[in-house]
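Trainee: I have a structure open and I'd like to learn how to read it. Could you take me through it feature by feature?

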Amino acid sequence: MTAQPLYDSIGAGYTATRQTDPRLAARIWAALGDARTVLNVGAGTGSYEPTDRDVTAVEPSALMRAQRPAGAAPCVAAAAESLPFADQSFDAAMAVSTVHHWPDPIAGLLEMRRVARRVVVFQFDTSETAWRRRFWLTRDYLPEVANLVRGRPSLARQARAIGARIDPVPIPWDCVDGFFEAYWRRPEAYLDERVRRGISVWTRVGPGPEQRAVQALAADLASGRWAERNQAILAIDEAELGARLLVA
Ligand SMILES: C[S@@+](CC[C@H](N)C(=O)[O-])C[C@H]1O[C@@H](n2cnc3c(N)ncnc32)[C@H](O)[C@@H]1O
């Protein structure tokens with residue numbers, strides 16, 4: 001690890017808006033099968049770590065490690081691309097909302113495959129051409145998100161690298177884990193600075209696009225334009241926004 005981990009500068013206050021969503025957790029834990037020993041890679045503050053299994057966490061950011069609650073699983077300072085564990089030393093390895101931050105996703109996934117008999121990864125598919133129109137926030141207010149994913153290996157390529165199947169995961173309208181897509185039916189949330197600071201996308205696009213997007217969204221909410229454009233989603237309780245589980 002050479003550069004300062006991003007989350008050492010943006011991770012303060014992470015747990016204010018980023019917590020385990022029980023419906024997503026149920027999907028992840030089911031995919032872990034009967035694994036007794038579990039490695040959680042890019043573990044952050046410990047969200048989604050099952051309490052009924054023997055968990056070891058890996059997290060490169062000291063600021064994130066420091067926010068793990070007392071009694072959380074032991075956490076090793078390391079990165080996915082070079083896991084300090086012997087081959088096949090865990091029943092399963094999991095990674096949640098972290099692969100998009102890894103400098104070399106394929107190397108990290110192959111490391112998970114090396115150290116564990118089962119691999120479970122939760123992430124969003126940003127590789128199909130339609131993805132930019134899938135979520136109104138990216139489509140209508142923050143097209144700069146496209147710059148963040150350019151050149152990254154596609155989800156299909158990641159899955160092929162570890163022989164994973166790809167399962168869609170709908171996002172509930174009241175998702176309690178405040179990631180970028182979580183507030184798809186609660187648009188006012190994105191006007192809240194505290195919500196945005198829990199989402200790396202806002203920092204990564206920079207203050208100019210952030211301010212422009214927030215001002216435009218605020219205006220459209222006030223005028224009723226947002227509701228007019230997005231009527232259809234107000235009637236559904238879970239949305240297909242490209243969230244996927246890779247299970248190998
Ligand atoms: C959005 S947080 C997700 C944390 C946690 N898994 C969760 O679901 O709340 C992304 C995490 O990935 C970590 N990360 C960044 N680069 C990494 C790498 N190369 N290997 C492992 N973790 C990494 C960050 O430090 C951060 O804690």
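Mentor: Let's begin with the nonpolar core. In soluble globular proteins, nonpolar side chains tend to be buried together. A nonpolar core here is a set of buried Ala, Val, Leu, Ile, Met, Phe, Trp, Tyr and Cys residues joined through C-beta atoms within 7 Å. A residue is buried if 20 or more other C-beta atoms lie within 10 Å of its own, exposed if 12 or fewer, and partly exposed in between, with C-beta atoms placed from the backbone. In this model, which is predicted, the largest such core has 35 residues, and Ala-93 and Val-120 have the most contacts inside it.

Trainee: Which elements give two or more residues to this core?

Mentor: They are helices H3 (22–31) and H5 (105–115), together with strands E1 (37–41), E2 (54–58), E4 (90–96), E5 (116–124) and E9 (243–247). E4 gives the most, with six residues. The names come from DSSP runs numbered from the N terminus: helices are H or I runs of at least four residues, strands are E runs of at least two.

Trainee: Before we go on, how are residues numbered, and what should I keep in mind about a predicted model?

Mentor: Residues are numbered from 1 along each chain as its sequence is written. As this is a predicted model, local features need pLDDT of at least 70 and side-chain atom pairs count only at pLDDT 80 or more, while totals for chains, interfaces and linings use all residues.

Trainee: What does Val-120 touch?

Mentor: Two residues are in contact if their C-beta atoms, placed from the backbone, lie within 7 Å. Leaving out residues up to four places away in sequence, Val-120 touches Ile-28, Ala-31, Leu-32, Ala-92, Met-94, Leu-245 and Val-247. Apart from this core lies another one, of 17 residues, among them Phe-124, Val-145, Tyr-190 and Ala-243.

Trainee: Now the strands. In what order do they sit in the sheet?

Mentor: Two strands pair if DSSP finds at least two bridges between them. Here an open sheet of seven strands has the order E3-E2-E1-E4-E5-E9-E6, with mixed pairing. E3 and E6 (165–168) are the edge strands, each pairing on one side only.

Trainee: How many bridges join the neighbours E1 and E2?

Mentor: Five, and these two strands run parallel; look for Leu-39, which stands opposite Thr-56 in E2. E2 also pairs with E3 (residues 75–76), in the parallel sense over two bridges, and there Cys-75 is the bridge partner of Ala-57. On its other side, E1 pairs with E4 in the parallel sense over four bridges. Val-38 stands opposite Ala-92 in E4, and Asn-40 opposite Met-94. E4 is then joined to E5 by six bridges, again in parallel, with Phe-90 partnered by Ala-116.

Trainee: Is E4 mostly covered or mostly open?

Mentor: Mostly covered: six of its seven residues are buried.

Trainee: What about loops? Why does Pro-74 count as exposed?

Mentor: Because just 8 other C-beta atoms lie within 10 Å of Pro-74, this residue counts as exposed. Pro-74 sits in the loop between helix H4 (62–66) and E3. Among residues more than four places away in sequence, Pro-74 touches Thr-56 and Ala-57.

Trainee: And are Tyr-48 and Ser-97, also in loops, buried or exposed?

Mentor: Tyr-48 is buried, with 23 other C-beta atoms within 10 Å, and Ser-97 is buried, with 21. Tyr-48 lies between E1 and E2, Ser-97 between E4 and H5. Check the backbone too: Tyr-48 has a positive phi of about 70° although it is not a glycine, and Ser-97 has one of about 50°, also without being a glycine.

Trainee: Which residues come nearest to the ligand?

Mentor: A residue is near a molecule if its C-beta atom, placed from the backbone, lies within 6 Å of it. Of the 23 residues around the ligand, Tyr-7, Gly-42, Gly-44, Ala-80 and Thr-98 come nearest. The shell divides into twelve nonpolar, eight polar and three charged residues. Ala, Val, Leu, Ile, Met, Phe, Trp, Tyr, Cys and Pro count as nonpolar, Asp, Glu, Lys and Arg as charged, and the others, Gly among them, as polar.
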